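Visitor: Could you walk me through the aromatic side chains in this one? I have the model open and would like to go ring by ring.

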Amino acid sequence: QVQLVESGGGLVQSGGSLRLSCAHSGINFSIDAMGWYRQAPGKERDWVADITKRGSTSYADPVKGRFTISRDNAKNTVYLQMNNLKPEDTAVYYCNVRRSIRPSYEYWGQGTQVTVSS
């Protein structure tokens, strides 16, 4: 059974930092990419950052220069270091793991709340 367990969310003041973690288990075929998405109240889920199996990273414009995605393959974990947080970063953050070639798959974590106070 595939599991993605997220942790690290919480309440932080504007300008503060948080680090999210997402540990996955039960995935039998190699992962193409891992990423983070977020969903603010009343809004659609938006992409935040990706890291490919080769280690290439990419970021959405609103978080460039402030967020860093990384991974620890030995721990099957992907991280999102979030610095200089702003109130507009408030959202539920979801990790995503996917593979595009057969057998393809896409899995989501349960979400972790990040709240940034002004």
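Visitor: Let's start with Y107: buried or exposed, or something in between?
Guide: This is a predicted model, and in it Y107 counts as partly exposed, with a relative accessibility of 28%.

Visitor: And which ring does Y107 pair with?
Guide: Y107 forms an aromatic pair with Y105, and the two rings are stacked, with 5.1 Å from centre to centre and 25° between the planes. Y105 itself is buried, at a relative accessible area of 11%.

Visitor: OK, how many aromatic pairs does the structure hold?
Guide: There are 2 aromatic pairs in the structure. Besides the stacked one there is the pair of Y37 and W108, whose ring centres lie 4.9 Å apart and whose planes meet at 65°, so this pair is edge-to-face.

Visitor: Where do Y37 and W108 sit along the chain?
Guide: They come from distant parts of the chain, since Y37 belongs to strand β4 (residues 33-39) and W108 to strand β10 (residues 105-108), which puts the two 71 residues apart.

Visitor: What about accessibility for Y37 and W108?
Guide: Y37 has a relative accessible area of 16% and is therefore buried, the cut-off being under 20%, whereas W108 is partly exposed at 33%.

Visitor: Switching to charges: what lies over the face of W108?
Guide: That is R45, which lies at 4.7 Å from the ring centre of W108.

Visitor: Which other ring does R45 sit over?
Guide: The charged end of R45 also sits over the ring of Y94, at 3.7 Å from the centre of that ring.

Conventions: Residues numbered from 1 in each chain as written. Predicted model: local features only at pLDDT ≥ 70, side-chain atom pairs only at ≥ 80, totals over all residues. Heavy atoms only, no water. Phe/Tyr/Trp six-rings, centres within 6.5 Å; stacked < 30°, edge-to-face > 60°. Helix = DSSP H or I, 4+ residues; strand = E, 2+ residues; numbered from the N terminus. Buried < 20%, exposed > 50% of the residue type's maximum accessible area, 1.4 Å probe, protein only. Lys NZ or Arg CZ within 6 Å of the ring centre and 35° of its normal.
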